Amino acid sequence: MKAAQSSDGILVDRYGRVARDLRVSLTDKCNLRCTYCMPAEGLPWLAGPELLTDDEIVRLVRVAVQRLGVTEVRFTGGEPLIRPGLVGIVAAVAALDPRPRISLTTNGIGLDRLAPALRAAGLDRVNVSLDTLDAARFTELTRRPRLDAVLAGMAGAAAAGLTPVKINSVLMRGVNDDEAPALLRFALAHGYELRFIEQMPLDAQHGWDRAAMVTADEILASLRREFDLRTDPAERGSAPAETWLVDGGPARVGVIASVTRPFCGDCDRTRLTADGQVRACLFATEESDLRGALRAGADDEDLADRWRRAMWGKRAGHGIDDPTFLQPARPMSAIGG
Ligand code: SAM
Ligand code: SF4
């Protein structure tokens, strides 16, 4: 049965899905150059005036939380830790009533220094991306020699109480696909929660190749050579990661199999880019411009209504397997992963 578009309240789409989880990209810039994300030379970055100001971001998050039923806010990018106003933005969002849960996805560089201030501002948790524990591989994969900084960032986050610290890992064939067990051993030893993400066609270079992608089945088979994995009895809900108990638990490992086991039917995400565009999906080819409306003087209810309309048009699925699939013009780093 199809739902009816709500004129007030929640962000519902025509398939009845309700978006409660907002991903906000704070910048499209980054201090790494992961090969599956951007080219070595970087990208044509958004110009300063195109970016939402700190106050504009907080206003749009307030509209989402107070008028649209959003309960989770995750800051991402690009690399969100390089946004100068980050701590103030987190503090302002944490002061909202009702208070959303607040998390951050980061490459971890500089997190050891920033974690206490972020925690004090109201950040609840972090996800730190780490694809390899080998320093030479890290440098090859991210094109920057910063493995030690990432490891220090994770430790700093845990010490500051930004827990559970979750690790996001992308495996690439012939690069780091032998490292799944080592990454899990590392996560278990430090009390971090590891989740593997299947590589998606969102790189700026459009170099994604399905045949080269390391699948969830391959990742699980590799882990099972060393660990006993049992289906996690916990309710998955709208979480993108399918999780397994490791060696009887309570430790878990997750796999986000966006490509081989899509979870679009349970998706509860809405996205705001650093230049103020609402995207109903990572893979959407349409966007809805809230920045223009906001700067033209729209009131909060007008902004909320534009957001509702944008989400109403969300497609049923990402369609990666459809022969007509078109990769979105914006790469992952400019959407907010
Ligand atoms: N810079 C931060 C970081 O790396 O965590 C936040 C932004 S990054 C785009 C968010 C997540 O997307 C990271 O975990 C990264 O590994 C993942 N990612 C980037 N490109 C991807 C791709 N093509 N397929 C799957 N995951 C990707
Ligand atoms: Fe930067 Fe994150 Fe993209 Fe790596 S995945 S280049 S850290 S935005």
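# A walk from strand β6 outward

Start by selecting residues 125-129, which make up strand β6. This strand is mostly covered, with 4 of its 5 residues buried. One thing to keep in mind as you click around: what you have open is a predicted model.

**Stop 1: the neighbours of β6**

Keep β6 on screen and add strand β5, residues 101-106. The two strands pair in the parallel sense, over 4 bridges. For a landmark, pick T106 and look across to V128 in β6, which stands opposite. Now show residues 111-121, helix α3. The chain leaves β5, passes through α3 and arrives at β6, and this β-α-β crossover is right-handed.

Next, add residues 166-169, strand β7. Here again the pairing with β6 is parallel, this time over 3 bridges. Which residue of β7 stands opposite V128? Select I167 and you have found the partner. So far, then, V128 has led you to T106 in one direction and to I167 in another.

**Stop 2: from β5 to β4**

Go back to β5 and colour by burial: 5 of its 6 residues are buried, and the strand is mostly covered. Bring in residues 72-76 as well, which form strand β4. β4 and β5 pair in the parallel sense over 4 bridges, and V73 has I102 in β5 as its bridge partner. To follow the connection, trace the chain from β4 through α2 to β5; this β-α-β crossover is right-handed.

**Stop 3: the whole sheet**

Zoom out and show every strand of the sheet. How many strands form it, and in what order? There are 12, they form an open sheet, and the order runs β9-β10-β11-β8-β7-β6-β5-β4-β3-β12-β13-β14. The pairing is mixed. As general background, strands of a sheet pair through backbone hydrogen bonds, either parallel or antiparallel.

Select 229-231 (β9) and 288-289 (β14) to mark the edges. Each of these strands has a single partner, so one side of each is left without a neighbour in the sheet.

For an antiparallel pair, select β12 (residues 269-272) together with β13 (residues 277-279), which are joined over 2 bridges. L272 stands opposite V278 in β13.

**Stop 4: the ligand**

Now select ligand 1 and display its surroundings. The shell holds 18 residues, and the closest are Y36, G78, E79, S129 and M200. S129 takes you back to where you began, since β6 covers residues 125-129.

Three polar contacts are worth drawing as dashed lines:

- S129: an N or O atom of the side chain is 2.6 Å from an oxygen atom of ligand 1.
- Y36: a polar side-chain atom lies 3.0 Å from an oxygen atom of the ligand.
- G78: a polar backbone atom is 3.0 Å from a nitrogen atom of the ligand.

How much of the ligand does the protein bury? Taken alone, ligand 1 exposes 540 Å², and the protein buries 96% of that. Colour the shell by class and you will get 10 polar, 6 nonpolar and 2 charged residues.

**Stop 5: backbone details in the loops**

Finish with some backbone geometry. First select D97 and P98: the peptide bond from one to the other is cis, with omega near 0 degrees. P98 lies in the loop between α2 (86-94) and β5, on the connection you traced at the second stop.

Then move to G249 and P250, which are also joined by a cis peptide bond, with omega about 5 degrees. P250 sits in the loop between β10 (242-246) and β11 (252-256). Stay in this loop, as D247 lies here too. D247 has a positive phi, near 50 degrees, although it is a residue other than glycine. Is D247 buried or partly exposed? Its relative accessible area is 45%, which means it is partly exposed.

The last selection is R143, in the loop between α4 (135-142) and α5 (147-159). R143 is not a glycine, yet its phi is positive, about 60 degrees. This residue is partly exposed, with a relative accessible area of 29%.

Methods. Residues are numbered from 1 along each chain as its sequence is written. Chains are lettered from A and ligands numbered from 1 in the order in which they are written. This is a predicted model: local features need pLDDT of at least 70, side-chain atom pairs count only at pLDDT 80 or more; totals for chains, interfaces and linings use all residues. Side-chain values use heavy atoms; hydrogens and water are left out. A residue is near a molecule or strand if one of its heavy atoms lies within 4 Å of it. A polar contact is a pair of N or O atoms within 3.5 Å; within protein, one must be able to donate a hydrogen and the other to accept it, and residues adjacent in sequence count only if both atoms are side-chain atoms. Accessible areas come from the Shrake-Rupley method with a 1.4 Å probe; for residues, only the protein chains shown count as cover. Ala, Val, Leu, Ile, Met, Phe, Trp, Tyr, Cys and Pro count as nonpolar, Asp, Glu, Lys and Arg as charged, and the others, Gly among them, as polar. Buried means under 20% relative accessible area, exposed over 50%, partly exposed in between (1.4 Å probe, protein chains only). Two strands pair if DSSP finds at least two bridges between them. A crossover is right-handed if, with the strands pointing away from the viewer, the path from the first strand over the helix to the second runs clockwise.
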